[in-house]
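Colleague: Before I take any labels on trust, can you walk me through what stands behind them? I'd like the cut-offs along with the conclusions.

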Amino acid sequence: MARTANPFRPGFNAAPPAFVGRDRLLDAVREALAVAALDGRTPRPIVITGTRGVGKTVALGEAAVLAATDHGWPTVHVEVRPGRDFTPLLTERIVAAGHLLQHTTADDRRHPVVTGGRIGASALGVGGEVEVHLERREPGPADPLEAALRGTMRVAMAEGAGLVLTLDEVQYAQRAELAGLTAILQEHMADGWPLVVLVAGLPSIREPRRTVTYLERGEWHELGLLTRDEAEQALREPAADAGRPLEPDATRELATASGGYPYAVQLYGHHAWRASAGSDRILREHAVAALGAARRELEEGLYVARWNDASEREREYLGAVARVLARTGEATGGAVAAELGKAATEVSYLRDRLIKKGTLYTEGPRLLFITPGMAEWVAGR
Ligand SMILES: Nc1ncnc2c1ncn2[C@@H]1O[C@H](COP(=O)(O)OP(=O)(O)OP(=O)(O)O)[C@@H](O)[C@H]1O
Ligand SMILES: [Mg+2]
C-alpha cells in the first residue's frame with residue numbers, strides 16, 4: 001500500500017489540517033477586513049489571548065489566508081522575542097509589503113499563503129520572498145515605523161488594496177515599545193486606512209498594567225480548549241481526507257485523551273496515524289496503542305521542560321498550586337502560601353518568578369498553569 005503522509009500537525013506554529021471551533025474569531029476577522037476594505041474605516045484591533053498551544057499563532061495565519069483569498073491583501077507578521085526590539089523588523093517588513101503591493105496584482109496575492117506551512121514572514125508572502133530595494137526616503141517624519149506605514153498604506157490605497165498586520169507573542173513586548181506602535185496606529189485610526197491589526201499573546205497581556213489603551217479598546221478573543229465535538233471533528237476530518245478514516249470509537253478515545261487541547265489533538269491524531277500504518281482505517285486498537293507514546297511526548301515536550309526550568313523552591317510552589325487546584329478548583333496566592341505553611345509575603349517572590357518564566361499566570365486573584373494539563377501532571381508526580 002502506498003505510504004500516505006501523516007496529516008496531523010503536532011507542532012507549535014504548524015497550521016492544522018482542519019482549523020475547527022474558532023468561528024467567532026474568523027467571523028470577526030472577516031468583518032474587520034470588510035470594514036477596512038469596503039467601508040473605508042480602520043477597524044479596532046483584534047486581540048487574541050490564550051494559554052500555550054491553544055492555537056493563537058495559527059489563528060493569525062488563518063487571518064492572513066482570509067486576507068489573501070477574500071481581498072488579495074498581504075500580511076506582515078512579526079513575532080516579538082524576549083529582550084529584543086520588534087520595531088526594526090516590523091518596519092522592514094512593512095516596507096517590503098509596500099514593494100509587494102506595488103509589484104504584484106491582487107490576483108497574484110490571492111493564493112492562500114499560509115495553509116499547511118509554518119507561519120512566518122516568508123510563508124506570509126512578505127519579507128524573505130520579496131527583494132527589498134530601499135528607495136532614498138525623502139526627509140519626512142522622523143519616526144521610521146510611521147514613515148514605513150504611511151508609505152505602504154499610500155501604495156495599498158493606490159492599488160485598491162490593504163494590509164494586515166499580525167503581532168505575535170506580544171507578552172514579550174516592552175511596554176514603551178508597544179506604546180510607540182499603538183500611538184501611531186491610534187493616531188491614524190481617523191485616516192480610514194485599509195489596515196487590520198491582530199495581536200496575540202498569553203493571558204497575562206490582559207493585566208491592566210501590561211496593556212495599552214489602544215489594545216484595551218480592541219476586540220478581545222480568548223481562545224480556550226475545543227469542545228468535545230470540535231476535538232472529534234479536528235481528528236475525523238483530516239484522517240478521512242487523507243484516505244484513512246477513523247472509526248467512531250477510535251475518534252472518541254483520542255478526543256477524550258486530548259482533553260480538547262488543540263496541540264494534544266494533533267499529537268494524538270499523529271500517533272494514531274502512525275500506529276495504524278498498513279491499515280486502511282484507524283481502529284480503536286490503533287488509538288489505544290497510540291495513547292502511551294502521545295502522552296509521553298506531551299509530558300516531555302511541555303511539562304518536563306518547564307519543570308526542569310524551575311528551582312527546588314519553585315517546584316515546591318508549583319506542587320502546592322497543583323494540590324490546591326486539585327482539591328478546590330481554585331488557587332489564590334494566599335491559599336498556596338497556606339498549603340506551604342508560610343505567610344503569603346514569604347513566598348510571593350516564587351509566584352512572581354514563575355509568572356515571569358511563563359509557567360503560571362493570574363486571572364484576577366487566581367493562579368493558573370499556562371500549559372493546559374500541567375496542573376494534573378504536577379499533582380500526579
Ligand atoms: N482550531 C484548531 N483545530 C485543530 N488544531 C489546532 C487548532 N488550533 C491550533 N491547533 C494545533 O495546536 C497546535 C498549537 O498551535 P499554535 O502554535 O498556534 O498555538 P499557540 O497558542 O500559538 O501556542 P504558543 O502560546 O506556545 O505560541 C498546533 O499543532 C496546531 O496545529
Ligand atoms: Mg504561538
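What follows is a chat about the terms used for this model and the values behind them.

Modeller: Some housekeeping. This is a predicted model, where local features need pLDDT of at least 70, side-chain atom pairs count only at pLDDT 80 or more, and totals for chains, interfaces and linings use all residues. Residues are numbered from 1 along each chain as its sequence is written, while chains are lettered from A and ligands numbered from 1 in the order in which they are written.

Colleague: Fine. What makes the protein as compact as a globular protein of its length?

Modeller: Start with the inventory: 14 helices and seven strands, where helices (H or I, at least four residues) and strands (E, at least two) are DSSP runs numbered from the N terminus. The radius of gyration is 23 Å, and the globule rule gives 21 Å for 381 residues; the two are close, so the protein counts as compact as a globular one of that length. The radius is taken over C-alpha atoms, and the rule is 2.2 Å times the number of residues to the power 0.38. Along the principal axes, the C-alpha atoms fill a box of roughly 65 × 65 × 30 Å.

Colleague: Why is Arg44 called partly exposed?

Modeller: Count other C-beta atoms, placed from the backbone, within 10 Å of a residue's own: 20 or more is buried, 12 or fewer is exposed, and anything in between is partly exposed. Arg44 has 18 such neighbours, so it lands in the middle class. Its place is in the loop between α1 (23-38) and β1. By that burial test, 46% of the 381 residues are buried.

Colleague: What makes β4 largely enclosed by the rest of the structure?

Modeller: Seven of the seven residues of β4 (195-201) are buried, so the strand earns that description. In a regular strand the side chains alternate between the two faces of the sheet. For β4 both faces are covered: Leu195, Val197, Val199 and Gly201 are buried on one side, and Val196, Leu198 and Ala200 on the other. Strand β2 (75-79) is mostly covered, with four of its five residues buried.

Colleague: How do you know which strands pair in the five-stranded sheet?

Modeller: Two strands pair if DSSP finds at least two bridges between them. β2 and β3 (163-168) have five bridges, in the parallel sense, and Glu79 stands opposite Asp168 there. β3 and β4 also pair in parallel over five bridges, with Val197 as the bridge partner of Leu165. Then β1 (46-49) is joined to β5 by four bridges, again parallel, with Ile48 opposite His221. Four bridges also join β1 to β4 in parallel, where Thr49 faces Gly201. Put together, the order is β2-β3-β4-β1-β5, an open sheet with parallel pairing.

Colleague: Why are β2 and β5 called edge strands?

Modeller: β2 and β5 (219-222) each pair on one side only. Neighbouring strands of the sheet are turned by 15° against each other on average, direction ignored; the axes are lines fitted to C-alpha atoms, and angles run from 0 to 180 degrees between N-to-C directions.

Colleague: What makes the phi values of Asn13 and Glu169 worth a remark?

Modeller: Most residues other than glycine have a negative phi. Asn13 has a positive one of about 70°, and Glu169 has one near 55°. Asn13 lies in the segment before α1, and its 17 C-beta neighbours inside 10 Å make it partly exposed. Glu169 sits in the loop between β3 and α5 (175-188) and is partly exposed too, with 19 other C-beta atoms within 10 Å.

Colleague: Last one: which residues are closest to ligand 1, and how do you know what belongs in its shell?

Modeller: A residue is near a molecule if its C-beta atom, placed from the backbone, lies within 6 Å of it. 24 residues surround ligand 1, the closest being Pro16, Gly55, Lys56, Thr57 and Pro262. The shell divides into 12 nonpolar, eight polar and four charged residues, with Ala, Val, Leu, Ile, Met, Phe, Trp, Tyr, Cys and Pro as nonpolar, Asp, Glu, Lys and Arg as charged, and the others, Gly among them, as polar. α2 (56-71) and α9 (262-275) each supply at least two residues, and α9 gives the most, with four. Domain 1 (23-222) and domain 2 (228-307) each contribute at least three; their bounds come from an automatic or database domain assignment.
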